Amino acid sequence: IVNKQVLHIKYRTFEGVDINWVLHPYYIKEYNNRWFLFGLNNDIEGQITNVALDRIVSFETVQDVLYIENKEIDFDEYFDDVVGVTIPAANSVEHIIFQFTPKRFPYIKSKPLHGSMKIIDEEKCIVEISVIPNKELISMIMSFGNDVEILSPKWFREAIKEKIDDLAKKYSTCAQ
C-alpha cells in the first residue's frame, strides 16, 4: 500500500477453490480477529474487493500494470453503514428494529450493536440501528439466539426467520 504496488494474489476459498486476482491495494482492516485487505480489483472494473489475509496462498508484485490510486473512497467512512467488513452490492441503509430480552438488554446497552444504535424503548428493550444488512450482521443476530427478535423491516425479519427455520430442520431429528 505504501509503495503503491499492484499485486497478483492467489486466494483460496474455504471450499478449496483458488482464485487469482490483480489488486491495487488500498487499506487493511481487522474485524472479528481476522485481517482483510481492500483494493481495486483489476478483473471487476471499479469494484473494491476484500481479501482475508489468512486465505492468501501467495502474492507477488505486478510490474507491467500501472497502479491506480484511490481517489474516491474515504476508508475512514467506508464501513460506517455496516457491521463488519462486507459491503453488499445492494447497499441501501435499512432501519432495523430489535427487541431484546431483559436479561440481554444491559449487555446491548453497554456494548452497542453499531455506532448508529438508538434506544427506542428502554422498558421494552427495543433498539434501532441504521445499517446496510450483510452477512456479518446476520451472524451477529444469530449469535443472540432467542434473546433477540427482529421487529422490522418485515423483509429482514422474514430472512432471519428462514435461517431459523433451516436451523430448526437440522435439529428436528436426533443424530445417532
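**Charged side chains in a predicted model**

Asp 165 is partly exposed, with 32% of relative accessible area. That value, like everything else here, comes from a predicted model. The partner of Asp 165 is Lys 161: the two form a salt bridge, and their closest N and O atoms sit 2.7 Å apart. Lys 161 is partly exposed too, at 41% relative accessibility. Both residues belong to helix 3, which runs over residues 154-171, and they are 4 residues apart, or about one turn of the helix. As for the pairing itself, side chains of opposite charge can pair when their charged atoms come close.

Stepping back, the protein chain holds 3 helices and 9 strands. Following the sequence, these elements come in the order β-β-β-β-β-β-α-β-β-α-β-α. The C-alpha trace spans about 60 × 45 × 25 Å along its principal axes. The radius of gyration is 20 Å, while a compact globule of 176 residues would come out near 16 Å. Of the 176 residues in the protein chain, 35% are buried.

The count of salt bridges comes to 9. One of them joins the side chains of Arg 12 and Asp 18, at 2.6 Å from N to O. Arg 12 is partly exposed, with a relative accessible area of 32%, and Asp 18 is partly exposed as well, at 33%. Lys 10 also comes into the picture here, since Lys 10, Arg 12 and Asp 18 are linked in a network of salt bridges.

Another salt bridge pairs Lys 103 with Asp 147, with 4.0 Å between the closest N and O atoms. This one ties together distant parts of the chain, as the two residues are 44 residues apart. Lys 103 lies in the loop between strand 6 and helix 1 (105-110), whereas Asp 147 lies in the loop between helix 2 (135-143) and strand 9 (148-152). Their surroundings contrast: Lys 103 is exposed, with a relative accessible area of 68%, but Asp 147 counts as buried, because its relative accessibility is just 9% and the cut-off for buried is under 20%.

Some charged residues also gather on the surface. Asp 74, Asp 76, Glu 77, Asp 80 and Asp 81 form a negative surface patch. One of these, Asp 76, lies in the loop between strand 5 (56-61) and strand 6 (94-100). Asp 76 is exposed, with a relative accessible area of 65%; that fits its place in the patch, because patches are made of residues with over 30% relative accessible area and no salt bridge.

Technical notes
Residues are numbered from 1 along each chain as its sequence is written. This is a predicted model: local features need pLDDT of at least 70, side-chain atom pairs count only at pLDDT 80 or more; totals for chains, interfaces and linings use all residues. Side-chain values use heavy atoms; hydrogens and water are left out. Patches are made of residues with over 30% relative accessible area and no salt bridge: like charges are joined within 9 Å, nonpolar side chains (Val, Leu, Ile, Met, Phe, Trp, Tyr) within 5 Å. Accessible areas come from the Shrake-Rupley method with a 1.4 Å probe; for residues, only the protein chains shown count as cover. Lys and Arg count as positive and Asp and Glu as negative; His and the chain ends are not counted. The place of a charge is taken as NZ of Lys, CZ of Arg, CG of Asp or CD of Glu. Buried means under 20% relative accessible area, exposed over 50%, partly exposed in between (1.4 Å probe, protein chains only). The radius of gyration is taken over C-alpha atoms; the globule rule is 2.2 Å times the number of residues to the power 0.38.
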